[in-house]
Structure formats: structure tokens, C-alpha cells
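Trainee: I have a structure open and would like to talk it through with you. Can we start with the ligand and then move on to the fold?

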Amino acid sequence: MGLSSVILHLSYKFRLLLIFILCMMVVAWATSSYLVDTVQETPKAKSLVENFRKATMLEKENQKKKAMSTVEVHTVKSTMSHCPALSPYLQGPSQLKFKASLTLEEVQKENPQVAKGRHRPVECSALQRVAILIPHRNRETHLLYLLEHLHPFLQRQQLDYGIYVIHQAGNTKFNRAKLLNVGYLEALKEENWDCFIFHDVDLVPENDFNMYTCDKQPKHLVVGRNNTGYRLRYQGYFGGVTALTRDQFSKVNGFSNNYWGWGAEDDDLRIRVEMQKMRVMRPSPDVGKYTMIFHTRDRGNEANGERMKLLRQVSRVWKTDGLNSCSYKLLSVEHNPLYINITVDFSMPPKIS
Ligand code: UDH
Ligand code: MN
């Protein structure tokens, strides 16, 4: 091999080496710039990941807090202390006034905290859930005055309550007792009420120490009213406003359904109560005071000529005449702001044999 060919050969090898080194340098440069990029990018990615982690943790924390607060609400509700036996809001005797120009809108405005006829205390858990049942037909003004006074009265007593007005449609003879049976049956469809107050629309309580709660024995709340000199109408009177627990009322099979027109359906209930060995209790005369809004006898509620005869057969019929035989046509159930209105239709009374 001559020198020139050696040089040629070498230069060929050298060129190859040069190309190789060049390639290596390009690779090295590319890799290094990528690495630099990566190194520069990492903090960004890091913070991104960090932020995301933080966000997820925050979300998780929020969810945890939310769950905890729900638990808290539940526990507050379930461990909320019972309202005291004697409410601190009671005011005692009052002189009632009835403004001639009063409207339902005004009463609604005065009671924004009442919804769908119901209210319960926020500061404590009420001792009883009480349904007030009011038999009604064509006594709108009386209803207005009763609602005006009863809502604040029941709230001062710290009760969990609902007011039901059971309205008899049509012109059939009025049947107070049957309407009250309907009220009991329908009210229990939407709440497991502990206590029922059977309440005439025209009697307004004067003293909020007259508790609208139920006791171990059935209670008669109207000891006296203004138009009878605040004296009990007669020994054994059990009309106007009474309080019976769900079980007491069920035990006597409710009211009789057969008293069409005025009178004696309340005496019938007292007989049922006594037959079950229960005893009627009353508040003291200074507490059981009512103002009766003046009225005359309504058309369609004439005195019931059959009432004495019916009273004589209570012990024979009570088991089959009452809640378990109360048939009616339910026309509507409306949840108004201040009361639940139940409208029913009763077909004509069957002839009593
Ligand atoms: N009721 C109505 N509409 C009627 C009839 C009765 O809503 O048409 C309801 C209402 O809740 C009333 C209750 O049934 O409070 C009892 O009826 P009532 O007030 O007529 O009975 P009360 O014993 O009066 O108070 C009887 C007649 C009054 C005659 C007065 C003459 N001195
Ligand atoms: Mn009356």
C-alpha cells in the first residue's frame, strides 16, 4: 500500500468518524435541550399536579365537612332538647278583639312562618304533634278569627301542629261528628299525629295556659264561655273543644256517623269514652275560658229530633258505627298557607229504623 492510498483510506475513515461525531453531537444537543426543557417544565407540572391534588383534597374536605354537617344537622335534630313542659312564651289571660275588616291576607302576613297549615318550634323538639280538626260549612268569618288567634296561640305553646278544616260540601244536613271522623282519618294519611283537638270554628281560647296537648285521659277544654257566664253548660258536657290522643280516639271507634243536624253527638262521644273506663279531665275554670263568636242557628243544622233515641243505643252500636264505618266522598285536599282544607261530600243520611 502506498502512502497516498493510506492517506486516502485514513481520510475516508476520518470522514466517517467525523460524520459519526457530528451525529453524536446532534443527538447530544437534542437530548440536552429536551432535558433542559423537561427540567424547566417540571415545576409547572409539579405545581399543576399539586394544585389538582389540593383541589381534590379541598373537594374531599368539603364533602367530608358537608357530610359532617349533615350528620350534625341530623344529630342536632335528633338530640335537640325537648321543649319544656311549660313554654316560656305563655302570656295567660287575654281579652280578645275581632276586627270587622280583617282579611285572610292580613292573617297570612302576620304568620309568614306558617306553611301549608303547619308549624313547629325551631328551638326545641315539640312534646306532641297535634292536629287541630275544625268542622266547617259557611262560617268563613269565624274561621278567619279563629286562625288569627290560634296560630300565635299554638306557637306560644311550642307545639308541632297542623290545622285541618273539614268542609262539608252541598246542602245535606250538617254532620259535625262525621266531619271530625273524616278529619282524623285524612290527617293520619299525611302525618302520624299524636294528639287530636276537635274544635268548633266559633270558639276562641282566651288563655294560652289551656294547653292544646293530650293527656293520659281525654280532655274537655271548654270549661266556660263568655255567653254562658264562663260556667260549664251542664254536668258531663263534652262539646266545643276536646283533646284525645290518636289511641284514645281509635279505642272508642271515633264519633258516631249518624248524628245529622244539631245536638248530642258530643254526649255520644262522652258515653263511648266512659264505656272504655276513661275519665274526662278539664283545666281549671280560669284557664278553660273561651269567647264564642256570636251566631244564630245555621240552615242545614236544625236540631236533630232523633238525638235522644240515638243516645240510648250507643252501647249497642259503637263498635260498628264510627271510624270503621265512616264512608265519604273525598272531593279535595288543599294545602293552603294557613290551613289544610279537606272537602267532603256526604250522601243523604239513611233513614233510621
Ligand atoms: N258548623 C259549621 N257550619 C254549620 C253548622 C255548624 O261550620 O252550618 C260547625 C262549626 O264548627 C260550629 C260547630 O259546627 O262551631 C257546632 O255548631 P254550632 O256552632 O251551630 O253549635 P252551637 O251549639 O249552637 O254552638 C247551636 C245553635 C245556636 C243557637 C243560638 C240561639 N241562642
Ligand atoms: Mn257555636
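Trainee: Which polar side-chain atom lies 3.1 Å from an oxygen atom of ligand 1?

Mentor: Bearing in mind that this is a predicted model, the atom belongs to the side chain of Arg139, which lies 3.1 Å from an oxygen atom of ligand 1.

Trainee: And what about polar backbone atoms, say of Arg137 and Val201?

Mentor: A polar backbone atom of Arg137 is 2.7 Å from a nitrogen atom of ligand 1, while a polar backbone atom of Val201 is 3.0 Å from an oxygen atom of the ligand.

Trainee: How much of ligand 1 does the protein bury?

Mentor: The protein buries 79% of the 680 Å² that ligand 1 exposes when it is taken alone.

Trainee: Which residues around ligand 1 come nearest?

Mentor: There are 14 residues around the ligand, and those that come nearest are Pro135, Arg137, Val201, Asp202 and Trp262.

Trainee: Switching to the sheet, what is the strand order in the open sheet of three strands?

Mentor: The order is S5-S9-S7, and the pairing is mixed. S5 and S7 are the edge strands, each of them pairing on one side only.

Trainee: Where does the mixed pairing come from, in terms of how S5 and S7 run against S9?

Mentor: Strand S5, residues 203-205, runs antiparallel to S9, residues 289-292, and three bridges join them, with Leu203 having Met292 as its bridge partner in S9. Strand S7, residues 224-225, runs parallel to S9 and is joined to it by two bridges, and here Gly224 stands opposite Lys289.

Trainee: Now the interior: how many residues are in the largest nonpolar core, and which have the most contacts inside it?

Mentor: That core has 36 residues, and the ones with the most contacts inside it are Ile132, Leu154, Ile163, Ile197 and Tyr212. The elements that give two or more residues to it include strand S2 (129-136), helix H3 (140-156), strand S3 (160-168) and strand S4 (195-199), as well as S5 and S9. The largest share, eight residues, comes from H3.

Trainee: What does Ile197 touch, leaving out residues up to four places away in sequence?

Mentor: Its contacts include Val130, Ala131, Ile132 and Leu133, together with Tyr212, Thr213 and Leu221, and also Val241, Thr242 and Ala243.

Trainee: What about the second core, how many residues does it have?

Mentor: It is separate and has 30 residues, among them Leu179, Leu244, Phe255 and Ile342.

Note on methods
Residues are numbered from 1 along each chain as its sequence is written. Chains are lettered from A and ligands numbered from 1 in the order in which they are written. This is a predicted model: local features need pLDDT of at least 70, side-chain atom pairs count only at pLDDT 80 or more; totals for chains, interfaces and linings use all residues. Side-chain values use heavy atoms; hydrogens and water are left out. Two strands pair if DSSP finds at least two bridges between them. Helices (H or I, at least four residues) and strands (E, at least two) are DSSP runs, numbered from the N terminus. A nonpolar core is a set of buried Ala, Val, Leu, Ile, Met, Phe, Trp, Tyr and Cys residues joined through side-chain atoms within 4.5 Å. Buried means under 20% relative accessible area, exposed over 50%, partly exposed in between (1.4 Å probe, protein chains only). Contact means heavy atoms within 4.5 Å. A residue is near a molecule or strand if one of its heavy atoms lies within 4 Å of it. A polar contact is a pair of N or O atoms within 3.5 Å; within protein, one must be able to donate a hydrogen and the other to accept it, and residues adjacent in sequence count only if both atoms are side-chain atoms. Accessible areas come from the Shrake-Rupley method with a 1.4 Å probe; for residues, only the protein chains shown count as cover.
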